[in-house]
Every structure is written in structure tokens, then in C-alpha cells.
Amino acid sequence: MQNFTFKSPTEIIFGRDAELQVAEKIRQYGGHRVFIVYGGGSVVKSGLLARVERCLTSSGLAFEVLGGVQPNPRLSFAREGVREALSCKADFILAIGGGSVIDTVKAIAHGVANPGTDIWDFWTGKTPLTKTMPFGSVLTIAAAGSETSDSAVLTNEELGKKAGLNSELNRPAIAFMNPELTFTLPKKQIACGICDIMMHTMERYFTPIKGNSFTDLVAEALIRNVIDNARIAIVNRKDYDAMSEIMWCGSISHNGVTELGRKKDFSVHKLGHELGGRFDVTHGASLTALWGSWARYVYEDDPERFARYAERIWGIDSGTAEERARAGIRKTEDFFREMDMPTNFTELGIGVQTEAVLEYLADMCTANGSNKIGCFHPIDKKAAIEIYRMANK
Ligand code: NZQ
Ligand code: ZN
């Protein structure tokens, strides 16, 4: 096990009616003027936004509202949010929505706390992020894990570049997690969220650090639990217990617990972000479209690791390590298909791409070939092209 430090400071209010505590809790974090951010309108339609507004009003908290965050959230919208939050002198930023809204709120909080800096400079590393302000979320979808994670992902639409920023300052102060708020989700978003949660755990499980650790056991239990409850929630999206399990696993899968003592890989996320930046595809779908190709490209580096995954997750206990490894990859793709998720570019809806596009994507995620991504099998430009090629059908 490698040395680690771990801090997951987000206060979690979990369960039915969690969002009704929004005013009381925001006050505890020093909020008096709340800047609320939401997405394309699902929270207006469901009545959630009005409910939160009523809570704030009856507690005497002032607020302003900005709606319109799109999935694969845009930098320009976050910049607008910074301007508006500054002009209303907000002292707490509240996301009502999913990962796209929460990541936008993280960007707004960083921008408000650093008014002289363009927020994209934090994402490129040009300016180190050293301070932020209090922010939190009312979560409406179990997926990205942004409600507790140290990361935030934005799309710079001028560059066609989707990029993540990792910083402890991305950890929200508070998360209101009421599984009932997910009951209005379309089936596709439930499935994309489920697969994203699995991938956050798998991208940490496939690591070059050897050893049979507690972290592995947590990861295996989490993946199995998500699979079991996915099969219930995908049929009955209003199953409270199944959605509770998925929602809680969503946070644990990305708050860092499943990477303690080892290195995380995350190459499929980086390869997938380039599909999001170029084609605006749904995040979870970009991952399932690539995972099998990545796995087939890298599993020979450590077939035993893939064989253990196959055995612990899918119950495959016969055959050589190589055979079990390959069977585990097939089973994973079968599960993605069961969830109606894509396993290649055509199923993803972007069609077969030219070699020039594959090279462009590989250039984007390896900084024109100067970087390698991931650590299980460090992916250089040539490897990235090959993985995209394998998925390009
Ligand atoms: O915008 P509205 O109208 O709210 O509709 C949203 C959106 O269309 C809809 N939705 C959300 N909750 C709903 C609902 N519709 C009906 N009822 C509800 N209760 O779902 C759609 C997708 O929303 P989005 O916020 O994009 O989903 P998700 O949570 O999957 O977030 C995806 C974004 O997070 C990033 C992804 O790259 C992507 O940009 N990620 C962020 C991470 C982080 N910060 O730690 C980690 C992840 O790996 C991921 O990269
Ligand atoms: Zn993800």
C-alpha cells in the first residue's frame, strides 16, 4: 500500500426531504446571499427549484437564480455565472442538478473568490487555484460523484476541449442527497449514471500497485452493489431503496475511498472526454463506448488483475487467467448492453470516424503526443489511436 492523505470534508444530508434543510445548513456555512444554479429545466418542471426557493425565503435568506447549464458544461456559461454571482455579492453558491451543474458551480465559486483571474487559467494550470468560497449541491442524479469529489470538468467550446481540474478546493461544503429527486430521470440518464459510477471505481481498481487490500474489497463490493441495484432501478426508476444504494455508491465511487493506497488510472475518462469535447456525447456513454477497447488493449499487462475482477464481479472462476480476464471484459460489455449503453462508436451515435479524426482525438488527450495518460498501462499517442480504432466500428 502506498502512503496517502485523505480528506472528504463534504457534509452529507441523505434521505427523504433532505433538501428541506437547505436554509438551515447554508446559514451554518456562513451563507446569507445564495446564488442558485440549475440546468435545462428539469428542476423547474419537477417543482424542486420552487421548493428550495420557498425554504430560503421562509428563513430570510436572499437569493438569485441562474438556469441554463448544459450537459458537458460550457466555460462561457460558467464565466457568465461568475459575473452574475459577483454582481449580486453572493456568499454561497448552490447547485441544483447533476455533475454538469455542480461543476459549473465549482467554477463559479473559484471565479468569485478570485475575481481578477479568468477561470480557464485554473483548468490549464496557468494559475494555481489557492482559494475558493462555500458551495454545495442538491443532487438530482446519481452519476458523476461531483457532490463530494475533488474534481470539476468544463468544456471550452472555443477549443473543443473538455478538461478536468483536480483540487481539494473542489470539495463541496455540503450535499443534499434525496434519492426521490432522481425519480424523474429518463432511463438513459439512469443508465449513463450507473455506468459512470462503475467506471469511477474500475478506473481506480485497475492500478499498477499490487496487493490484496481493503481498498480492493470496498471497490468490489461497490461494483457488485451497483450492478445488483441497477437491474432493479432500470426497470422501476421509483424504487427508493435501489436508487438510494446507487446514489450513495455514486459518492463513494468518486470521493477517493476506492483509490486509497494506490494510484488511479483514469485513462478511459481522458479518452472519453475527447469524445465529449468533440461530439458533445453523454459522459457515461463515452466511457462504455471505449472501456472494452481499452481493456482488451491493456489486460495483458496484468491478466491476473483482470482475472480477479472477472471472478469477484462476474463469478468467472474457471479457465486460465487470460481466459478469465477476457471473459470478464465480455461480461462487462454484456452488462453495458443490458443497460442499453453503447460499446463502440456506432452505438454511441457518432458513426465510424476517419483516421484523421482518431489522430486528432489522440493528439488532444496526449497534448500532441507529449504526454502519456493513465498508469495501469501508460497510454501514449500511438496507444490512444489504437484504442480509438478498436472502438471505431
Ligand atoms: O439540465 P436538466 O434539465 O436538469 O437535465 C439534466 C441533463 O439533461 C438531466 N437530469 C438531471 N437530473 C434530473 C434530470 N432529468 C430529470 N430528472 C432529474 N432528476 O440529466 C441530464 C444530465 O445531467 P448532467 O448534470 O450532465 O449529468 P451527470 O451528473 O452525469 O454529469 C455529467 C457531467 O459531469 C462530468 C461529466 O464529464 C459531465 O460533464 N463529470 C464530473 C466529475 C466530477 N466533477 O467529479 C466526474 C465525472 O467523471 C464526470 O467527468
Ligand atoms: Zn465519470
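Reader: Which residue stands opposite M177 in β8, apart from F14?

Author: In this predicted model, strand β8 covers residues 174-177. Strand β5 (residues 135-139) runs parallel to β8, and 4 bridges join them. F14 stands opposite M177, and the other residue standing opposite M177 in β8 is L139.

Reader: How many bridges join β1 to β8, and in which sense do the two strands run?

Author: Strand β1 covers residues 11-14. F14 stands opposite M177 in β8. The two strands run parallel, and the number of bridges that join β1 to β8 is 4.

Reader: Which residues of β8 are buried on each of its faces?

Author: A residue counts as buried when its relative accessible area is under 20%. On one side of β8 the buried residues are I174 and F176. Both faces are covered, and on the other side the buried residues are A175 and M177.

Reader: Which residue of β7 is the bridge partner of L154?

Author: L154 belongs to strand β6, where L154 shares a face with A152 and N156. Strand β6 (residues 151-156) pairs with strand β7 (residues 161-166) in the antiparallel sense over 6 bridges. In β7, the partner of L154 is A163.

Reader: How many of the residues of β6 are buried?

Author: One side of β6 holds S151, V153 and T155, all buried. The other side holds A152, L154 and N156, which are buried as well. The strand is mostly covered, and the count of buried residues is 6 of 6.

Reader: Which residue takes a positive phi in the hairpin of β6 and β7?

Author: The hairpin has 4 residues between its strands. Strand β7 covers residues 161-166. With a positive phi near 65°, the residue in question is G160.

Reader: Which residues are the protein donors of the zinc ion (ligand 2)?

Author: The donor residues follow the spacing D-x3-H-x68-H-x13-H in sequence. The donors lie 2.0 to 2.2 Å from the zinc ion, with an OD atom from the aspartate and NE2 atoms from the histidines. The residues are D196, H200, H269 and H283.

Reader: How many residues apart are D196 and H283?

Author: Both D196 and H283 serve as donors to the zinc ion (ligand 2). D196 lies in helix α7 (residues 187-205), whereas H283 lies in helix α11 (residues 283-298). The pair links distant parts of the chain, and the separation is 87 residues.

Reader: Are D196 and H283 buried or exposed?

Author: The cut-off for a buried residue is a relative accessible area under 20%. Both D196 and H283 are buried.

Reader: Against which helices do the buried residues of α16 pack?

Author: Helix α16 covers residues 381-391, and its buried residues include A383, I385 and Y388. Among the others named as buried are A384, I387 and A391. The helices against which these buried residues pack are α10 (267-279), α11, α14 (345-348) and α15 (355-365).

Reader: Which residue forms a salt bridge with R389, and in which helix does that partner lie?

Author: The closest N and O atoms of the pair are 2.9 Å apart. The pair links distant parts of the chain, for R389 lies in helix α16 and its partner is 34 residues away in helix α15. R389 is partly exposed at 37% relative accessible area, and its partner is also partly exposed at 42%. The partner in helix α15 is E355.

Reader: Why does the salt bridge of D216 and R262 tie together separate parts of the chain?

Author: The side chains meet at 2.3 Å, N to O. D216 lies in helix α8 (residues 214-233) and R262 in the loop between α9 (240-252) and α10, so the pair ties together parts whose separation in sequence is 46 residues.

Reader: Are D216 and R262 buried or exposed?

Author: D216 has a relative accessible area of 1%. R262 has a relative accessibility of 9%. A value under 20% counts as buried, so D216 is buried, and R262 likewise counts as buried.

Reader: How many residues apart are R326 and E322?

Author: R326 and E322 form a salt bridge whose closest N and O atoms are 3.4 Å apart. Both lie in helix α13 (residues 321-338), about one turn of the helix from each other. The separation is 4 residues.

Note on methods
Residues are numbered from 1 along each chain as its sequence is written. Chains are lettered from A and ligands numbered from 1 in the order in which they are written. This is a predicted model: local features need pLDDT of at least 70, side-chain atom pairs count only at pLDDT 80 or more; totals for chains, interfaces and linings use all residues. Side-chain values use heavy atoms; hydrogens and water are left out. Donors are N, O and S atoms within 2.8 Å of the metal (3.2 Å for Na, K and Ca); water is not among the atoms, so sites may look incomplete. Buried means under 20% relative accessible area, exposed over 50%, partly exposed in between (1.4 Å probe, protein chains only). Contact means heavy atoms within 4.5 Å. Two strands pair if DSSP finds at least two bridges between them. A salt bridge is a side-chain nitrogen of Lys or Arg within 4 Å of a carboxyl oxygen of Asp or Glu.
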